[in-house]
Amino acid sequence: MFQHAHFTFVRTTNRRLVQVGERIAIGDKSKDKTEFLEVGTIIRLRAKITDEKVLVDFDYTALKLEESDTENAAVRLNETTLQTVTEMKIGEPVLLGGANAKNGFYLVATISKNQEK
């Protein structure tokens with residue numbers, strides 16, 4: 001289906017040192033259990049262009065840290081993933097997906113032609 005397609009991969013992530021468990025007591029001292037977690041956005045797009053339409057295979061992942069409500073609890077990694085295959089008309093916005101969760105999330109994309117000079 002996607003033979004001779006255009007492929008794009010974008011990754012804007014970083015690794016953060018975070019507390020992943022409860023504080024460990026060692027004698028009269030304590031130590032946080034920590035780990036490096038990757039946070040950020042990853043987008044993979046494959047597109048096949050025909051006349052005024054584009055067939056798009058789209059994968060989106062956003063990883064962000066969510067602070068805990070309690071002082072000793074670990075930070076949680078919140079992951080939002082969207083995967084879809086859709087046909088888009090050039091120049092027209094398309095709702096690729098969304099989630100009406102705690103903060104709401106909607107992903108809209110528009111395909112535009114490259115302006116030749």
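## Ground rules

Two strands count as paired if DSSP finds at least two bridges between them. Strands themselves are DSSP runs (E, at least two residues), and helices are H or I runs of at least four, with numbering from the N terminus.

What you're looking at is a predicted model, where local features need pLDDT of at least 70, side-chain atom pairs count only at pLDDT 80 or more, and totals for chains, interfaces and linings use all residues. Residues are numbered from 1 along each chain as its sequence is written, and side-chain values use heavy atoms, with hydrogens and water left out.

## The chain as a whole

This one is strands and no helices: eight of the former, zero of the latter. Along the sequence that reads β-β-β-β-β-β-β-β.

Of the 117 residues in the chain, 24% are buried, meaning under 20% relative accessible area (exposed is over 50%, partly exposed lies in between; 1.4 Å probe, protein chains only). The chain exposes about 9000 Å², with carbon and sulfur atoms supplying 47% of that; areas come from the Shrake-Rupley method with a 1.4 Å probe, and for residues only the protein chains shown count as cover. Take the contacts (heavy atoms within 4.5 Å) with a separation of 6 or more: 46% of them link residues 24 or more positions apart.

## The open sheet

Four strands line up as β1-β4-β5-β6 in an open, antiparallel sheet. β1 (6–19) and β6 (76–89) sit at the edges with a single partner strand each, so one side of each has no neighbour in the sheet. On average, neighbouring strands here are turned by 10° against each other, direction ignored; the axes behind that angle are lines fitted to C-alpha atoms (for helices over the stretch in contact), and angles run from 0 to 180 degrees between N-to-C directions.

β5 (residues 53–66) and β6 run antiparallel and are joined by 14 bridges. If you want a pair to click on, L65 has L77 in β6 as its bridge partner.

## Out on the surface

D51 is in the loop between β4 (34–50) and β5. D51 is exposed, at 75% relative accessible area. Its C-alpha is 9.4 Å from that of K89, although the two are 38 residues apart in sequence.

There's also a nonpolar surface patch made of L95, Y106 and V108, with about 340 Å² of accessible area together. Patch residues have over 30% relative accessible area and no salt bridge; like charges are joined within 9 Å and nonpolar side chains (Val, Leu, Ile, Met, Phe, Trp, Tyr) within 5 Å. A salt bridge here is a side-chain nitrogen of Lys or Arg within 4 Å of a carboxyl oxygen of Asp or Glu. V108 belongs to strand β8 (residues 105–109) and is exposed, with a relative accessible area of 52%.
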